[in-house]
Amino acid sequence: MDKKYFKTIYVLFKKELMSYFNSPIAYIFIGVFLIVGNWLFFKNFYLIGQASMRAYFDLLPWIFLFMSPAISMRIWAEEKKSGTIEFLLTLPITDWQVVLAKFFSALAFLFVSLMLSITLPITVMYLGNMDIGPVIGGYIGALFLGGAYLALGVFISSLTKNQIIAFVLGLVACFVAFIIGADFVLLGAPQFLVPVMKFAGLGSHFYNIAKGVIDSKDVIYYCSFIFVFLWLNTRVIESRGWK
Amino acid sequence: MIDIKNLTKKFGNNVILDDISFSVNKGEILGFLGPNGAGKTTTMKIITSFWSPTRGSVKIDGVDVIENSLEVRAKIGYLPETVPLYDDMRVYEYLKFIAEVRGIEKENIKKRIKEVVASCGLKKVLLKPIEELSKGYRQRVGLAQAIMHEPDILILDEPTTGLDPNQIKEIRDLIKKIGKEKTVIFSTHILSEVSATCDRIIIINGGKIVGEGTPKELARKAGSQEVVYVKIKGPKENVLDKLKEMENVEKVERKDKESDDVYGYEITPKEGVDLREYLSMTIMGAGWSILEFNKKTVSLEDIFRELTK
């Protein structure tokens with residue numbers, strides 16, 4: 001792992017990120033995200049009448065549920081469909097370098113979209129006295145949650161060459177991963193599984209961080225979740241041509 | 001330079017490559033010939049380490065493609081059959097990406113792109129998005145990509161499919177030019193292409209090597225000979241008899257008919273004999289006339305058909 005290793009990742013990362021912004025889809029995407037997010041938030045904001053972003057961060061996992069698979073669906077599926085994967089994987093680079101570059105480019109795109117929603121807390125701060133801690137926590141949590149969704153989505157994209165399939169499967173997988181620790185699911189689960197499911201679900205960790213409490217337990221959870229799916233991704237890429 | 005030993009590739013029970021071995025020397029242009037589905041593309045995918053073999057090994061300068069994959073990949077330039085390119089990028093953008101990802105030093109990138117653009121004739125399309133390029137230009141961009149890092153070995157999978165005759169000639173000339181310094185393996189099912197470009201040919205069929213050598217060697221191996229074709233105006237029975245009576249004639253066949261007294265004949269001489277002078281004298285001597293006359297060497301087509309039957 002020398003300087004060159006990361007430089008190559010950076011070159012690939014740059015190319016991937018550029019390919020998002022090369023197509024109009026990226027702009028439509030960001031537009032829809034901002035409009036939907038703002039609309040759903042401000043719809044109730046004046047009714048509740050509290051200078052708080054809580055409602056927004058409650059909403060965010062659900063918006064991300066659709067957004068993340070839409071970002072990640074093309075990432076491998078397109079390479080497979082167009083055959084560029086054959087070019088990519090015969091370059092003198094490791095599978096890890098490619099997977100990391102792809103994952104971080106997706107994350108960077110999500111980050112850009114998220115940062116553009118910064119008008120929201122600014123508006124709220126202008127309208128009333130808001131506690132800034134949960135907002136920062138919320139954004140950090142959103143990034144971790146988005147990262148987890150994306151790692152899962154990028155992995156699923158590597159299983160198919162059809163983007164639509166990658167999207168739908170990604171959505172379902174993210175939904176399951178998110179919902180598994182939710183209260184109403186836990187009610188129906190066998191007693192001994194409850195603590196495991198509660199820890200395994202993506203949701204509870206997000207709400208912990210969004211409260212403004214950044215616990216190393218949650219951070220480690222997200223990082224390992226991401227790592228596992230990136231690792232699985234490298235395995236899938238490595239097993240090409242075996243079937 | 002490239003050593004392939006006992007290479008086998010199976011998908012389930014389906015045997016794509018069946019124990020093939022060959023080697024390619026430095027600076028050689030090797031034509032890889034075979035009908036569709038013979039295993040050409042599979043072999044190339046294994047050499048470039050895109051696929052792994054079921055059995056057997058590929059070594060480049062003694063370095064194994066599986067064990068030291070990255071080292072080998074750095075030495076190879078590869079143009080896959082489908083010419084996959086990133087369609088959303090512009091040509092220049094794409095070439096720059098290739099140069100960067102191949103690890104060319106920053107200060108040399110511009111210079112190298114310039115050279116590649118010149119040798120592949122891409123100057124006109126540099127700022128165009130790749131998706132708008134014609135097939136011929138796509139192929140050239142693909143080739144530019146493959147030679148960007150000045151690889152020792154070039155692997156080109158059917159580099160001329162779908163091109164018009166002018167473009168085919170250009171690509172061939174380019175391959176020849178590159179082949180002066182580099183080792184090139186290219187596959188094709190167009191036969192005239194190999195004889196025009198290659199130093200050596202490997203014919204593969206059903207996952208097995210069925211022929212190997214220079215075009216001449218292959219002709220000898222296929223057990224075929226030169227024949228003389230002559231179109232004669234004269235009474236048909238007499239002509240045939242006369243030809244058969246000639247010395248050093250192995251076989252005479254009446255081929256095509258132009259009119260009642262004009263027929264084409266194919267004459268196979270005994271090995272090593274040039275029959276032409278004597279033949280023309282004989283025909284003229286009998287008072288007939290020659291309308292067409294040529295010597296045919298057995299074409300690669302015949303060898304190919306013979307070997308891949």
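In this predicted model, helices α3(A) and α6(A) meet through a small set of named residues. From α3(A) come S68(A), I71(A) and S72(A). From α6(A) come A106(A), F109(A) and L110(A). By class, the residues of this contact divide into four nonpolar and two polar. None is charged.

The geometry of the pair can be stated briefly. Helix α3 covers residues 54–72 of chain A, and helix α6 covers residues 95–116 of chain A. Their axes come within 10 Å. They cross at roughly 135°. That angle makes α3(A) oblique to α6(A), because only angles over 145 degrees count as roughly antiparallel and those from 65 to 115 as roughly perpendicular. The crossing of α3(A) past α6(A) is right-handed.

The fold of chain A is built from helices. The secondary structure comes to 13 helices and zero strands. Read along the sequence, chain A therefore follows the pattern α-α-α-α-α-α-α-α-α-α-α-α-α. The radius of gyration of chain A is 19 Å. The globule rule gives 18 Å for 243 residues, so chain A is as compact as a globular protein of that length. Along its principal axes, the C-alpha trace of chain A spans about 55 × 45 × 35 Å.

The UniProt record, an unreviewed entry, places the feature "transmembrane region" at several stretches of chain A. These are residues 20–39, 59–77, 98–124, 136–157, 164–189 and 219–237. Two of these stretches were examined in the model. Residues 59–77 of chain A are 95% helix and 0% strand. The end C-alpha atoms of that span lie 29 Å apart. Residues 164–189 of chain A are 85% helix and 0% strand. Here the end C-alpha atoms are 32 Å apart.

Chain A also touches chain B. The contact takes 21 residues from chain A and 22 residues from chain B. On the side of chain A, the elements that give two or more residues are α1 (3–22) and α5 (84–88). Helix α1(A) gives the most, with seven residues. By class, the side of chain A that touches chain B has six nonpolar, 10 polar and five charged residues. Charged residues are thus present on that side of chain A, whereas the contact of α3(A) with α6(A) has no charged residues.

Technical notes
Residues numbered from 1 in each chain as written. Chains lettered and ligands numbered in written order. Predicted model: local features only at pLDDT ≥ 70, side-chain atom pairs only at ≥ 80, totals over all residues. Axes fitted to C-alpha atoms, helices over the stretch in contact; angles between N-to-C directions. Helix = DSSP H or I, 4+ residues; strand = E, 2+ residues; numbered from the N terminus. Parallel < 35°, antiparallel > 145°, perpendicular 65-115°, else oblique. Left-handed = near helix turned anticlockwise from the far one by under 90°. Contact = placed C-beta atoms within 7 Å. Nonpolar A, V, L, I, M, F, W, Y, C, P; charged D, E, K, R; others polar. UniProt positions renumbered as here; feature names shortened; annotations may be inferred. Rg over C-alpha atoms; globule rule 2.2 N^0.38 Å.
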